[in-house]
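Open your viewer, switch on a cartoon view, and keep the selection box handy. We will hop from stop to stop, and at each one I will say what to pick and what is there.

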Amino acid sequence: MTEFLQVGLNCLVLSANYILLALGLTLIFGILRVLNFAHGTFYICGAYVVYALVQRAGLHYFQAALTAMIVIGGLGIFIEAAVLYPLSEKVKVASLGAILGVSMILEGALAFIFEGEDVTIGSHFKGILTVRGATLSRERLMVVLLCGLIVIGLYVWIRRTRQGIAIRALAENPRVAALQGINIRFMRFLVMGVASFLAAAAGSIVTPLFYINPFMGGGIIFKALLIVAVGGMGSIEGSILAGLLIGVVESIGVTYLGPVAEVASFLIVIAVFLFRPQGLLGVEYEFH
Amino acid sequence: MNFTDRKKKIILLFLVLGLFLLPLFFPNPARIGMFVGCGVASILAMGWLMILRIGCLSLGQAAFLAIGGYTSALLAQKAGISPWIGLLAGGTASGVVALVIGVVVLRVRGLSLSIITFAFAEMVRLLFSTLDFFGGHGGITGIPSFTPLPLPALGTVRFDSPLASYYVLLLIVLVCGTVMWRMDQSALGRIFRALPQNEALAQSLGVHPLRYKVISFVTACFFAGVAGAFTAHYYNVLFPGSYTPIQSIFVQIQATVGGVASVALGGFLGGSLMVMVESWLLNVDSRWVYIFYGAVILVVTFFLPEGLLSLPQKIKQFTKKK
């Protein structure tokens with residue numbers, strides 16, 4: 001029971017992080033029809049902004065996190081305006097290549113700015129909690145809680161507000177949505193901004209937990225992509241479900257089988273694609 | 001045969017001749033090492049373009065390089081099989097894996113397929129780096145070099161020098177390029193190109209989409225495997241760390257820079273040029289490599305979407321306007 005609780009919490013921390021990223025990815029995919037490979041880089045950029053503000057400028061952690069989210073949100077909007085929108089009418093190879101380019105330039109720049117060792121900041125929530133013999137650090141509990149709140153907020157926004165309805169309509173059929181008076185240009189900006197904001201949120205949440213380095217984005221984006229694929233491209237609920245699923249499988253697997261268990265995520269993806277090519281909760285999209 | 005065709009053939013002939021004579025002008029072993037890197041990149045980029053023909057944006061070419069390399073290395077080390085057979089064995093292993101994977105995943109289309117290839121590559125790398133049988137994180141060291149071969153007219157030739165290896169790789173590149181070029185020009189190539197445009201229509205004309213997709217995929221991965229086996233015996237070591245997703249992404253960028261118009265030429269041009277600049281940058285600071293690749297792909301996407309191959313045409317258009 002004790003061990004189970006411990007593993008359970010670990011996998012929640014993992015899932016929470018993945019879900020925040022996957023939600024951004026799936027939103028971007030639904031509206032912009034781009035696989036945002038730079039998303040992992042946004043995440044790392046967010047983490048580094050927090051690191052720089054806390055460690056070098058001496059700001060409070062929460063101030064730093066908020067600044068990071070706003071800065072990275074702005075970065076996302078800028079990239080949409082400068083790179084993705086001009087390419088939106090072109091073939092998908094173009095925007096995929098361009099976003100890869102953006103991501104690599106950002107990674108290279110980060111490596112130049114923050115030279116040397118991997119970094120982290122001290123944990124902000126001190127202390128541990130003991131529940132039935134399992135020791136849970138406050139830090140990790142807060143992470144899960146914060147991620148949970150953000151996810152619920154996002155879910156309500158997508159499901160219950162007019163803007164959310166517009167976004168879903170756009171994801172389903174851009175042409176008809178535009179005929180209903182939905183401003184596609186604005187929605188693209190909005191989605192890109194929100195998604196980058198989420199990536200930075202995920203990034204700032206992990207800075208106190210893990211050591212970060214500029215090239216970490218690749219591994220993270222890989223997981224997030226798998227989650228989006230398993231959950232169904234463009235599906236919010238699917239991403240949440242798949243994020244939990246992969247987080248659970250992974251932390252149980254790694255605990256009991258070792259690093260080989262990460263292969264399990266891939267097997268899940270293959271299985272899902274074989275039996276439900278559109279993903280667990282996805283709808284089929286037309287690609288162009 | 002009209003004039004331009006003939007001109008093209010002569011240019012091609014000179015290109016091949018130049019490649020054979022290249023080591024005479026640059027006898028420095030380090031330079032030859034760079035050319036070897038170019039050759040391997042060319043093979044991968046050609047394969048990537050071949051797979052692009054069927055509408056699949058592969059993000060997992062590094063995996064097939066790894067499979068070929070590990071197969072040949074393990075065969076040579078554990079079973080004592082000659083590296084020359086290993087080259088074929090590596091290619092075959094990659095081809096077989098590509099066949100099995102391809103039959104399963106090539107039913108999926110579009111960006112989902114890209115994600116699958118990406119995930120597959122990462123899984124292969126994880127397996128190689130975690131299982132003790134494959135040497136774990138440390139990889140495999142002490143892989144035997146190419147053994148001497150008795151050649152007609154030349155006597156017994158040793159193949160453990162960079163120069164000799166260069167010629168081996170050159171032959172592989174030429175074979176790969178010729179096969180890809182012929183495939184692309186033939187009816188097969190036209191079917192490949194029809195599939196992403198309108199699969200249903202192709203199907204109604206009696207084309208079995210999956211079969212042709214698999215043919216393209218397996219051919220590309222076979223040559224990637226051969227290239228992988230070659231690198232194993234050339235460098236004598238293998239590390240799982242050299243097959244990270246970023247390597248697959250580099251392949252994509254190289255191929256896109258070269259140009260999609262011709263599989264063989266685009267792959268060769270993009271692979272060679274990018275690796276030349278890359279190896280120069282590596283001497284300065286490895287971080288510039290990322291920025292360089294990123295900047296190049298951005299510039300190419302915006303200003304030269306058809307790649308370097310379309311550059312002469314673009315220049316001609318530009319000068320005509322003036």
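## First stop: a helix pair in chain B

Select helix α3 (residues 61–78) and helix α5 (residues 110–130) of chain B: the two pack at an angle of about 35°, with their axes 8 Å apart. Helices here are DSSP runs of H or I with at least four residues, strands are runs of E with at least two, and both are numbered from the N terminus. Axes are lines fitted to C-alpha atoms, for helices over the stretch in contact, and angles run from 0 to 180 degrees between N-to-C directions.

A note before going on: this is a predicted model, in which local features need pLDDT of at least 70 and side-chain atom pairs count only at pLDDT 80 or more, while totals for chains, interfaces and linings use all residues. Residues are numbered from 1 along each chain as its sequence is written, and chains are lettered from A and ligands numbered from 1 in the order in which they are written.

Back to the pair: the crossing of α3(B) past α5(B) is left-handed (the near helix is turned anticlockwise from the far one by less than a right angle; clockwise would make it right-handed). Now show side chains for B:A62, B:A63, B:A66, B:I67 and B:Y70 on α3(B), which meet B:F120, B:A121, B:V124, B:R125 and B:F128 on α5(B). Contact means that the C-beta atoms of two residues, placed from the backbone, lie within 7 Å.

Try colouring this patch by residue type. The contact of α3(B) with α5(B) divides into nine nonpolar residues, no polar ones and one charged. In this scheme Ala, Val, Leu, Ile, Met, Phe, Trp, Tyr, Cys and Pro are nonpolar, Asp, Glu, Lys and Arg are charged, and the others, Gly among them, are polar.

## Zoom out: all of chain B

Select the whole of chain B, with its 13 helices and two strands. The radius of gyration of chain B is 20 Å, close to the 20 Å that the globule rule gives for 322 residues, so chain B is as compact as a globular protein of that length. That radius is taken over C-alpha atoms, and the rule is 2.2 Å times the number of residues to the power 0.38. Along its principal axes, the C-alpha trace of chain B spans about 55 × 45 × 45 Å.

Of the 322 residues of chain B, 50% count as buried (20 or more other C-beta atoms within 10 Å of the residue's own, with 12 or fewer making it exposed and anything in between partly exposed; C-beta atoms are placed from the backbone).

Next, pick B:N236 in the loop between α9 (209–235) and α10 (245–258) of chain B. Its phi is near 65°, a positive value in a residue other than glycine. B:N236 counts as partly exposed, with 15 C-beta neighbours inside 10 Å.

## Across to chain A

Chain A has 11 helices and two strands. Its C-alpha trace spans about 60 × 45 × 35 Å along the principal axes, and 48% of its 288 residues count as buried.

Select A:R33, in the loop between α1 (2–32) and α2 (39–56) of chain A. Is A:R33 buried or exposed? A:R33 is buried, with 21 other C-beta atoms within 10 Å. Phi of A:R33 is near 55°, again a positive value in a residue other than glycine.

Then go to A:G73 in helix α3 (residues 61–84) of chain A. A:G73 is buried, with 22 other C-beta atoms within 10 Å. Leaving aside neighbours within four places in sequence, A:G73 is in contact with A:G193, A:S196, A:F197 and A:A200.

For an exposed spot, pick A:Q180, which has 10 other C-beta atoms within 10 Å. A:Q180 lies in the loop between α7 (174–179) and α8 (184–206) of chain A.

## Last stop: where the chains meet

Which chain A elements give two or more residues to the side that touches chain B? They are α4 (92–113), α9 (217–231) and α11 (263–275) of chain A. The contact takes 35 residues from chain A and 36 residues from chain B, and α4(A) gives the most to the chain A side, with 16 residues. That side divides into 28 nonpolar, four polar and three charged residues.

Finish by selecting α4(A) alone: it is mostly covered, with 16 of its 22 residues buried.
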